[in-house]
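Student: I'm new to this structure and would like a close look at a single part of it. Could you pick one spot and walk me outward from there?

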Amino acid sequence: MDERLNEQLNPALRAVSDAVLAVAAGLSVDEVLQRLVDSARVLAGARFAALGLPDGEGGFRRFLTSGMDDELIASLGPLPRQHGVLGAMLDAQSSYRTNDIHEHPEFRGWWPEAHPDMRSFLGVPIMASEGVIGAFYLTEKLAAPDFNDEDDDLIGLLAAHAAIAISNARLQERARELSVVAERNRLALELHDAVSQKLFGLVLSAEAAGTLLDRDPAAARDQVERLQALAQDALEELRSLVFELRPVDLELDGLGGALRKHVGLVGRVEGLEIELTIDHEPPADPARDLEVLRIAQEAIQNAVKHAQARHVTVVLRGDGRLLLEIEDDGIGFDPAAEGIRSRRLGLTSMEERAKRLGGTLEIRSTAGNGTTVRLEAPDG
């Protein structure tokens with residue numbers, strides 16, 4: 001290792017340290033990845049850098065960039081697929097660099113219309129025990145025609161520690177998810193064991209009172225019967241809420257059942273009026289149903305978080321073609337506004353899910369006139 005590389009290792013080690021500290025601080029995976037990709041761009045002296053994690057289905061579950069402003073990112077459209085050189089680096093066991101990416105055997109000349117042309121390139125896979133879990137992509141070396149051995153070594157070092165940081169961050173996220181699920185189930189059991197029994201006791205007490213009262217028996221019985229009905233309604237409502245606390249199980253509930261559970265829970269928690277209509281529920285398809293459910297959840301969350309809606313309607317229809325439509329009466333927005341997808345990543349997520357289904361997603365909205373999200377996809 002020469003003296004110049006030694007001098008550059010200090011910033012590299014600082015970048016690695018920052019990533020490890022970010023995980024220890026409990027930052028999200030995206031925040032950790034963004035620090036890593038920013039560090040890679042600076043260390044290698046690149047104009048642009050990206051870090052991609054595959055989703056196992058030919059796309060990327062995360063793809064973060066550095067060196068691009070919001071306007072450029074918005075103009076590029078949805079997340080890229082694992083085509084050409086992007087995919088090749090996820091199959092590689094070693095780094096690859098060239099002064100002209102166009103000469104790579106996997107280069108297919110595909111760029112979105114607004115994508116800047118790129119020549120010099122350095123790609124470094126991120127390796128973990130289970131194999132390649134991601135890759136760094138650096139392009140357009142500054143102040144030199146191409147990347148060199150030192151750049152390769154620096155990003156290789158960063159990638160080795162990135163694998164640890166990514167794995168640890170993912171484990172922490174998973175641990176938090178499991179903790180939430182465990183707490184929900186614990187609460188459900190406590191509610192069922194304690195409160196349900198009390199309400200059941202109330203029903204029994206009311207029945208007993210009905211047999212003991214002898215003053216104006218007819219009026220007393222009417223009141224006691226009414227009390228029984230109210231208590232029974234409360235018991236059924238509690239059981240419904242307990243059921244809502246359990247995680248959605250598409251295999252058990254089906255798409256329609258999962259939607260009912262989610263709509264009911266959001267309506268209660270947010271105090272929002274949500275109307276659900278299901279017509280000819282499509283036949284079960286677990287992979288497709290999960291994508292459809294996630295689109296519905298994202299659209300409903302947007303209505304709650306961004307639209308300030310008071311009323312939401314959700315329609316699910318099958319019978320030859322799946323239709324999902326979520327309409328709210330909120331403040332609306334301009335779906336074509338510059339940078340909107342960089343600020344609202346859920347829009348891109350919904351569009352990507354629709355593409356994976358072989359369907360189309362339409363978002364209609366104007367300021368002051370609410371929003372409609374419409375998904376059409378094959379129902380079988």
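Tutor: Let's start at Glu 275. Setting aside the residues within four places in sequence, Glu 275 is in contact with His 311, Val 312, Thr 313 and Val 314. Keep in mind as we go that this is a predicted model. Glu 275 sits in strand β6, which covers residues 273–279. Its contact Val 314 is 39 residues away along the chain, yet the two C-alpha atoms are separated by 6.0 Å. Is Glu 275 buried, exposed or something in between? With a relative accessibility of 42%, Glu 275 counts as partly exposed, because that label covers the range between under 20%, which is buried, and over 50%, which is exposed.

Now step back along the chain from β6 to helix α7, residues 250–270. What is unusual about the span of α7? This helix has 21 residues, but its end C-alpha atoms are only 23 Å apart, short of the 30 Å that a straight helix would reach at 1.5 Å a residue. Look at Gly 256 and you'll find a kink of about 75° centred there. After α7 comes Gly 271, which has a positive phi, near 65°.

Helix α8 makes a nice contrast. α8 has 20 residues and reaches 28 Å from its first C-alpha to its last, close to the 28 Å expected at 1.5 Å a residue. Plenty of its residues are tucked away: the buried ones include Val 292, Leu 293, Ile 295, Ala 296, Ala 299 and Ile 300. Some buried residues of α8 carry polar or charged names you may recognise, among them Arg 288, Asp 289, Glu 291, Gln 297 and Asn 302.

Past α8, in the loop between α8 and β7, you meet Gln 308. Gln 308 has a positive phi of about 55° although it is not a glycine. At 59% relative accessibility, Gln 308 counts as exposed.

What do these pieces build together? The largest nonpolar core has 33 residues, and Leu 324 and Leu 375 are the ones with the most contacts inside it. At least two residues of this core come from each of α7, α8 (286–305), β7 (311–317), β8 (321–328), α10 (345–356), β9 (360–365) and β10 (371–378). The biggest giver is α8, with seven residues. To get a feel for the core, try Leu 375: leaving out residues up to four places away in sequence, Leu 375 touches Val 292, Ile 295, Leu 322, Leu 323, Leu 324, Ala 354, Leu 357, Thr 360 and Leu 361. Val 292 and Ile 295 in that list are also among the buried residues of α8.

Apart from this core lies another one, of 28 residues, among them Ala 40, Leu 64, Val 124 and Leu 158. For a look at another stretch of the chain, go to Leu 122 in strand β4. Leu 122 is buried, with a relative accessible area of 0%. Not counting residues up to four places away in sequence, Leu 122 touches Tyr 96, Arg 97, Phe 136, Tyr 137, Leu 138, Phe 147, Asp 151, Asp 152 and Ile 155. The C-alpha atoms of Leu 122 and Asn 148 are separated by 8.9 Å, with their positions 26 residues apart along the chain.

Aromatic rings show up here too. A search of the whole structure finds three aromatic pairs. One of them joins Tyr 96 and Phe 121 in a tilted arrangement, 6.4 Å centre to centre with 45° between the planes. This pair links distant parts of the chain, with Tyr 96 in strand β3 and Phe 121 in strand β4, 25 residues apart. Tyr 96 is partly exposed at 26% relative accessibility, whereas Phe 121 is buried at 2%. Ring pairs also link Phe 60, Phe 63 and Tyr 137 into a cluster.

One more backbone oddity: Ala 143, in the loop between β5 (131–141) and α5 (149–212), has a positive phi of about 65° although it is not a glycine. Ala 143 counts as exposed, at 89% relative accessibility.

Finally, zoom out. The chain holds 10 helices and 10 strands, and 43% of its 380 residues are buried. Among contacts between residues at least 6 apart in sequence, 63% join residues at least 24 apart, and the Glu 275 contact with Val 314 spans 39 residues.

Methods:
Residues numbered from 1 in each chain as written. Predicted model: local features only at pLDDT ≥ 70, side-chain atom pairs only at ≥ 80, totals over all residues. Heavy atoms only, no water. Helix = DSSP H or I, 4+ residues; strand = E, 2+ residues; numbered from the N terminus. Expected span 1.5 Å × (residues − 1). Bend = angle between axes of the 7 residues up to and from the residue. Buried < 20%, exposed > 50% of the residue type's maximum accessible area, 1.4 Å probe, protein only. Contact = heavy atoms within 4.5 Å. Core = buried A, V, L, I, M, F, W, Y, C linked by side-chain atoms within 4.5 Å. Phe/Tyr/Trp six-rings, centres within 6.5 Å; stacked < 30°, edge-to-face > 60°.
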